[in-house]
Amino acid sequence: MAENLLEVRNISVTFKTRYGILKALDNLSLNVKKGEILGLVGESGAGKSMTGAAILGLIDAPGQLSSGEIFYKDECISDAPEAVRGHEISMIFQDPLMSLNPLRKIGDQLVETILTHMNISKSEAIKKAKNGLKEVGIDPSRLNSYPHTFSGGMRQRVVIALALAPEPSLIIADEPTTALDVSVQAQILDLLKKLCKERGTSIILVTHDMGVIAETTDRVGVLYAGRLAEIGNTREVLTDPKHPYTRGLVESTPRIDSNSFKKSLFQIPGSMPKLDAMPSGCAFHPRCAFASDICTKKIPPILHKRAACWLLENGEL
Ligand SMILES: Nc1ncnc2c1ncn2[C@@H]1O[C@H](COP(=O)(O)OP(=O)(O)O)[C@@H](O)[C@H]1O
Ligand SMILES: [Mg+2]
């Protein structure tokens with residue numbers, strides 16, 4: 001198998017509205033390697049969830065994947081994503097109740113998921129469900145409990161067990177800890193990371209939180225207005241960001257090991273454009289201190305396999 005488990009090639013997602021065609025994702029490409037955690041970060045509305053939805057074939061009408069292709073294990077899945085959804089690629093959402101049926105015992109839900117995706121007997125599935133719960137730190141006796149009897153953090157642990165149960169190669173986790181207390185957030189992310197590393201399962205971790213990116217991911221893609229602004233090794237991107245937007249995100253993130261608590265935190269002026277008012281050229285140019293003429297006219301491609309910024313062409317960053 002090729003090095004890449006998943007290859008997203010030049011995808012666009014468009015919405016036909018009475019104001020015209022809106023592009024929620026514009027010519028986005030990214031890869032996920034086997035066993036790695038790829039973070040997707042950006043402000044609200046940047047297209048993070050849409051990227052996950054596009055991969056899983058879960059774009060709500062009238063939205064559609066209007067161009068590009070998605071390859072999973074070297075096979076094109078963009079025409080039939082349901083062939084891999086749920087077992088090869090499973091998902092975790094921000095709200096555990098999106099994944100759990102409130103009216104059914106969690107054990108029944110786990111066993112059903114396992115039986116749907118794996119060719120094993122019911123007693124084996126029950127054994128697997130018990131093991132799955134144990135691994136996420138929940139006593140197997142809780143198989144008979146209903147979702148509402150768990151705290152938010154425990155519920156998200158159940159969802160992790162549910163996502164891992166079919167032994168997927170890739171998990172798309174969309175803001176899996178955003179609804180949780182900060183102390184619980186770290187526990188859940190550590191657990192997800194540990195279990196996936198043990199199994200060699202890849203993760204696409206969607207978050208708006210640079211702290212989560214720094215703590216959890218191997219590589220990171222920065223999204224801005226439906227386009228990829230920067231992508232690379234997390235450490236490199238965070239310590240030496242090439243795109244002015246990434247720089248702004250990094251500089252506006254508090255760090256305990258720096259003097260940033262003494263200084264006031266940097267803020268990127270302005271806000272992300274709405275889809276029906278996209279600037280010409282680089283979508284970030286109206287907020288960018290470095291913008292020049294070309295930035296207002298031409299959309300920059302990803303240069304040097306790293307950032308979509310014309311400054312890179314002249315080696316200025
Ligand atoms: N049904 C829809 N019609 C039009 N635009 C939509 C629809 N759903 C999402 N969008 C737009 O797609 C863009 C990306 O949204 P999303 O992926 O949810 O952002 P994120 O997860 O980064 O916060 C946003 O501009 C959003 O307004
Ligand atoms: Mg989202």
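Where does Pro62 lie? In this predicted model, Pro62 sits in the loop that runs between α1 (48-56) and β4 (63-72). There's something to look at in the backbone here, too: Ala61 and Pro62 are joined by a cis peptide bond, with omega at about 5°. A second backbone oddity turns up at Asn27, which isn't a glycine but still has a positive phi of about 55°. Asn27 belongs to strand β2 (residues 20-33). Both spots catch the eye because most residues other than glycine have a negative phi, and most peptide bonds are trans.

Stepping back to the whole chain, the protein splits into two parts, domain 1 (4-88 + 168-313) and domain 2 (103-167). Domain 1 is thus written as two stretches of sequence, 4-88 and 168-313. The C-alpha centres of domain 1 and domain 2 are 30 Å apart.

So much for the layout; next comes the place where the domains touch. On the domain 1 side, 16 residues make contact with 12 residues of domain 2. The size of an interface is often given as the accessible area lost when the parts come together. For domain 1 and domain 2, the buried area comes to about 1200 Å², and 68% of it is on carbon and sulfur atoms.

What about charged and polar pairs? One salt bridge is counted between domain 1 and domain 2. Arg199 and Glu135 form a salt bridge, and their closest N and O atoms are 2.5 Å apart. Three residue pairs are in polar contact across the interface of domain 1 and domain 2, with both residues of a pair at pLDDT 80 or more. On the side of domain 1 that touches domain 2, helix α5 (residues 182-199) gives the most, chipping in eight residues. That side of domain 1 is made up of 10 nonpolar, four polar and two charged residues.

Then there's ligand 1. The residues around ligand 1 include a run of neighbours in the numbering, namely Glu43, Ser44, Gly45, Ala46, Gly47, Lys48, Ser49 and Met50. Phe15, Ala24 and Leu275 are also found around ligand 1. Several of these residues bring an N or O atom up to an oxygen of the ligand. For Ala46, a backbone N or O atom is 3.1 Å from an oxygen atom of ligand 1, and for Gly47 a backbone N or O atom lies 3.0 Å from one. Ser49 uses its side chain instead, with an N or O atom there 2.8 Å from an oxygen atom of ligand 1.

How values were computed. Residues are numbered from 1 along each chain as its sequence is written. Chains are lettered from A and ligands numbered from 1 in the order in which they are written. This is a predicted model: local features need pLDDT of at least 70, side-chain atom pairs count only at pLDDT 80 or more; totals for chains, interfaces and linings use all residues. Side-chain values use heavy atoms; hydrogens and water are left out. Domain bounds come from an automatic or database domain assignment. Contact means heavy atoms within 4.5 Å. Buried area is the accessible area (1.4 Å probe) that two parts lose on being put together, summed over both. A salt bridge is a side-chain nitrogen of Lys or Arg within 4 Å of a carboxyl oxygen of Asp or Glu. A polar contact is a pair of N or O atoms within 3.5 Å; within protein, one must be able to donate a hydrogen and the other to accept it, and residues adjacent in sequence count only if both atoms are side-chain atoms. Helices (H or I, at least four residues) and strands (E, at least two) are DSSP runs, numbered from the N terminus. Ala, Val, Leu, Ile, Met, Phe, Trp, Tyr, Cys and Pro count as nonpolar, Asp, Glu, Lys and Arg as charged, and the others, Gly among them, as polar. A residue is near a molecule or strand if one of its heavy atoms lies within 4 Å of it.
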